[in-house]
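Trainee: Could you take me through one part of this protein slowly? I would like to look closely at the nonpolar core, and then at whatever else helps to place it.

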Amino acid sequence: MEPVRVVRHVRDMHRVADRMRMDGLRIGLVPTMGYLHEGHASLMRQIGRVTDRTVVSVFVNPAQFGPGEDFETYPRDFERDLAMVHSEGGDLVYAPSTAEMYPDGYATYLEVERLADHLCGASRPGHFRGVATVVTKLLTAVKPHVAIFGQKDAQQTGVVRRIVADLNLDVEVMIAPTVREADGLAKSSRNRYMTPRHRRCATVLYSALQEGRDLVQEGERRASAVIDAMRRRVTLGPGVEVDYITAVDAEDFRPVEALGDSVLLAAAVRFGESRLIDNIVVETERRAVKEIR
Ligand code: AMP
């Protein structure tokens with residue numbers, strides 16, 4: 001296997017991307033903040049099946065962290081990330097510095113209206129402005145034919161799709177299912193800095209969502225009933241704090257009283273220093289149609 005190439009500067013990235021495109025190669029991009037785990041690896045494998053070259057970007061984006069959030073302490077291990085990209089057959093790591101991405105005088109940010117107002121957008125003001133800006137900059141730097149994102153960050157995937165549609169970006173967006181630990185906890189770089197006690201508590205996140213899914217599938221349509229049932233699952237203890245646990249419209253993330261055909265059950269809960277998010281989409285109408293057929 002060829003060694004993984006590391007590109008640090010946007011100028012070089014443009015040159016390498018142009019070369020690949022001139023050679024007729026399809027480029028796939030996996031945007032990440034590093035500290036790679038099996039969730040990222042599954043994205044690499046899925047995009048590798050539909051493209052000729054896999055580029056993994058590793059950049060902890062300061063613009064998407066609010067004051068007092070974990071930008072400084074976010075886990076980082078570049079050598080380990082390189083080894084993982086290599087073992088998953090990735091070709092190139094794009095790892096720009098903060099100064100490369102946001103040089104002195106930088107002044108351009110992207111706002112996605114409405115979609116970014118709810119869920120994590122409400123509890124992390126400015127978060128999606130940072131996400132939208134960095135994803136757009138990564139897409140223009142790497143010039144991929146396809147970019148892949150995880151369903152774990154459901155609102156992020158909605159925001160990215162919106163940007164690609166609204167700005168007519170010539171890239172296909174793929175969404176990959178959430179990879180979980182054996183006990184159901186969604187894999188996350190932030191799982192690493194939980195205490196063993198919080199790690200044990202954290203399994204309630206997925207079991208609460210499963211409880212909500214079962215209720216919706218049994219026909220419950222009152223959002224408040226589903227939300228109450230999910231909330232009851234989460235026992236608060238020292239350091240455990242609910243940010244939100246909710247059932248919203250899966251298309252635009254708006255809170256609804258009566259659940260429709262496509263429901264996003266979503267939760268964000270803080271366990272000590274780690275704020276974890278997870279979600280399940282329940283497609284009730286489609287499921288019913290499938291059953292009738
Ligand atoms: P991050 O490095 O956490 O910003 O994530 C980079 C990409 O990997 C995003 O598109 C995430 O949605 C995706 N991702 C993170 N964790 C998982 C997971 N457990 N399963 C699937 N995709 C994931």
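**A close look at the core**

Mentor: Gladly! The largest nonpolar core has 45 residues, and those with the most contacts inside it are M13, V55, Y94, V142 and L264. Helix α6, residues 127-142, gives the most to this core, contributing 9 residues. Please keep in mind as we go that this is a predicted model. The mean pLDDT of the protein is 95, with 97% of its residues at 70 or more.

Let us start from M13. Leaving out residues up to four places away in sequence, M13 touches V7, L92, Y94, A141 and V142. Two of these names, Y94 and V142, you have already met among the residues with the most contacts inside the core. Apart from this core lies another one, of 26 residues, including L185, V216, V240 and A247.

Now back to helix α6, where T136 also lies. T136 has a relative accessible area of 15%, so it counts as buried, the cut-off being under 20%. Beyond its neighbours within four places in sequence, T136 is in contact with L110 and I163.

That brings us to helix α7, which spans residues 154-166 and is one of the elements giving two or more residues to the lining of the second largest pocket; the others are β8 (262-271) and β9 (274-283). Of these, α7 gives the most, with 5 residues. The pocket itself has a volume of about 320 Å³. It is lined by 15 residues, and the closest to its centre are T157, G158, R161, A250 and E251. By character, the lining divides into 7 nonpolar, 4 polar and 4 charged residues.

For another buried spot, turn to G39 in helix α2, residues 38-48. G39 is buried because its relative accessibility is 13%, and buried means under 20%. Not counting residues up to four places away in sequence, G39 touches V179 and K187. As for G239, which sits 200 residues from G39 along the chain, the C-alpha atoms of the two are separated by 26 Å.

One last stretch deserves some caution when you read the model. Over residues 288-293 pLDDT stays under 50, and the model has 0 contacts for them beyond four places in sequence.

So, if you want a route through the structure, begin at M13, with its contacts to A141 and V142, follow helix α6 as the element that gives the most to the core, and then move on to α7 and the pocket lining to which it gives 5 residues.

Conventions. Residues are numbered from 1 along each chain as its sequence is written. This is a predicted model: local features need pLDDT of at least 70, side-chain atom pairs count only at pLDDT 80 or more; totals for chains, interfaces and linings use all residues. Side-chain values use heavy atoms; hydrogens and water are left out. A nonpolar core is a set of buried Ala, Val, Leu, Ile, Met, Phe, Trp, Tyr and Cys residues joined through side-chain atoms within 4.5 Å. Buried means under 20% relative accessible area, exposed over 50%, partly exposed in between (1.4 Å probe, protein chains only). Helices (H or I, at least four residues) and strands (E, at least two) are DSSP runs, numbered from the N terminus. Contact means heavy atoms within 4.5 Å. On a 1 Å grid over the protein atoms alone, a cavity is a set of points where a 1.4 Å probe fits but cannot get out, and a pocket is an open set with protein on both sides within 12 Å along at least five of seven lines; lining residues have an atom within 4 Å of a point. Grid points are joined across faces, edges and corners, and a volume is the space filled by probe spheres set on the points. Ala, Val, Leu, Ile, Met, Phe, Trp, Tyr, Cys and Pro count as nonpolar, Asp, Glu, Lys and Arg as charged, and the others, Gly among them, as polar. pLDDT is the predictor's confidence in each residue, from 0 to 100.
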